[in-house]
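I opened the model to look up a few things, and I note here what I found. The entries follow the order in which I looked.

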Amino acid sequence: MSKSENKTKPEAIDPAVFISDVPNPQRRADAELLLPLFTRVTGWNAQMWGSNIVGFGRYEYKYASGREGEFMVTGFSPRASYTSLYIMPAYQDMSETLARLGPHKAGKSCINIKRLDLVDLAVVEEIIREGVDDMIEKYEVFPS
């Protein structure tokens with residue numbers, strides 16, 4: 001089966017320009033802090049995925065159903081009321097790490113944070129690193 005088109009795919013938008021245009025000052029400040037942090041931790045350049053996700057790296061997947069595609073390895077998005085950190089594929093075994101993070105809400109493969117200054121950035125780095133290491137172990141990963 002051929003690769004199906006994901007709705008969220010790499011775009012030719014400069015992540016720094018995207019961040020400078022984020023209307024919410026808190027989200028913009030958080031994104032300005034996260035861009036170099038993700039770059040340093042992953043060792044990869046940022047790439048926009050869709051119109052509002054700053055992603056790092058990419059991997060190819062194939063489900064048992066035969067559906068295949070590619071997606072970013074990790075990334076973040078400054079949303080209207082919170083910043084989402086995307087940790088792929090999921091972090092079900094990160095409960096001890098997340099307990100040390102600070103105020104957040106966890107989804108299936110994302111962590112939503114209202115204010116980055118209220119969480120432990122060393123734990124954010126640890127979460128990014130663990131997520132990337134997990135992806136490298138399970139998939140063929142490519143730099144962005």
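**Entry 1: strand pairing**

I began with Met48 and looked for its bridge partner in strand 3, which is Val54. The model is predicted, so I read every value here as a property of the prediction. Strand 2 and strand 3 (residues 53-62) run antiparallel and are joined by 4 bridges. The hairpin they make has 3 residues between the strands, and in it Gly50 takes a positive phi near 70°.

I then looked to the other side of strand 2. Strand 1 (residues 10-11) pairs with strand 2 (residues 46-49), again in the antiparallel sense, over 2 bridges. There, Glu11 has Met48 as its bridge partner. I noted that Met48 therefore appears in both pairings, with Glu11 and with Val54.

**Entry 2: helix 2**

I checked the length of helix 2 next. From its first C-alpha to its last, the 18 residues reach 26 Å, close to the 26 Å expected at 1.5 Å a residue. At the start of the helix, a side-chain oxygen of Asn24 comes to within 2.8 Å of the backbone nitrogen of Gln26. After the helix comes Gly43, with a positive phi near 80°.

Which residues of helix 2 are buried? I listed Arg27, Asp30, Ala31, Leu34, Leu35, Leu37, Phe38, Val41 and Thr42. In an α-helix, residues three or four places apart point the same way, because there are 3.6 residues a turn. I looked up what the buried residues of helix 2 pack against, and found helix 1, strand 2, strand 3, strand 4, strand 5 and helix 4.

**Entry 3: the core and Phe76**

The largest nonpolar core has 40 residues, and Phe76 and Leu101 are those with the most contacts inside it. Several elements give two or more residues to this core: helix 1 (15-20), helix 2, strand 2, strand 3, strand 4, strand 5 (83-87), strand 7 (110-113) and helix 4 (121-138).

I then took Phe76 by itself. It is buried, with a relative accessible area of 0%. Leaving out residues up to four places away in sequence, Phe76 touches Ile19, Ala31, Leu34, Leu35, Phe38, Asn52, Ile53, Val54, Phe56, Ser84, Leu85 and Tyr86.

**Entry 4: aromatic pairs**

I counted 7 aromatic pairs, taking ring centres within 6.5 Å as the rule. One of them is Phe38 with Phe76, a tilted pair at 5.3 Å centre to centre with 40° between the planes. It links distant parts of the chain, since Phe38 is in helix 2 (residues 25-42) and Phe76 is in strand 4 (residues 68-78), 38 residues apart. Phe38 is also buried, at a relative accessible area of 0%.

Why is the pair of Tyr59 and Tyr61 tilted? The planes of the two rings stand at 50°, with the centres 6.0 Å apart, and tilted covers angles that are neither under 30 degrees nor over 60. Tyr59 is buried at 7% relative accessibility, and Tyr61 is buried at 9%. Both belong to one aromatic cluster with Tyr63 and Tyr139.

**Entry 5: Thr74**

I looked up Thr74, a residue in strand 4. Is Thr74 buried or exposed? It is buried, because its relative accessible area of 1% falls under the 20% cut-off. A polar atom of its side chain lies 2.8 Å from the backbone oxygen of Tyr86. Residues up to four places away aside, Thr74 touches Phe38, Thr42, Val54, Gly55, Phe56, Tyr86, Ile87, Ile128 and Val132.

**Entry 6: Ser144**

My last lookup was Ser144, in the segment after strand 8 (141-142). With a relative accessible area of 33%, Ser144 is partly exposed. Neighbours within four places aside, it is in contact with Trp44, Asn45, Gln47, Gly55, Phe56 and Gly57.

I found backbone atoms beside its side chain at two of these residues. The backbone oxygen of Asn45 is 2.3 Å from a polar atom of the Ser144 side chain. The backbone nitrogen of Gly57 is 2.9 Å from a polar atom of that side chain. I also took the C-alpha separation of Ser144 and Arg40, which is 13 Å for residues 104 apart along the chain.

Note on methods: Residues numbered from 1 in each chain as written. Heavy atoms only, no water. Buried < 20%, exposed > 50% of the residue type's maximum accessible area, 1.4 Å probe, protein only. Polar contact = N/O pair within 3.5 Å; in protein donor to acceptor, adjacent residues only side chain to side chain. Contact = heavy atoms within 4.5 Å. Pairing = 2+ DSSP bridges. Core = buried A, V, L, I, M, F, W, Y, C linked by side-chain atoms within 4.5 Å. Expected span 1.5 Å × (residues − 1).
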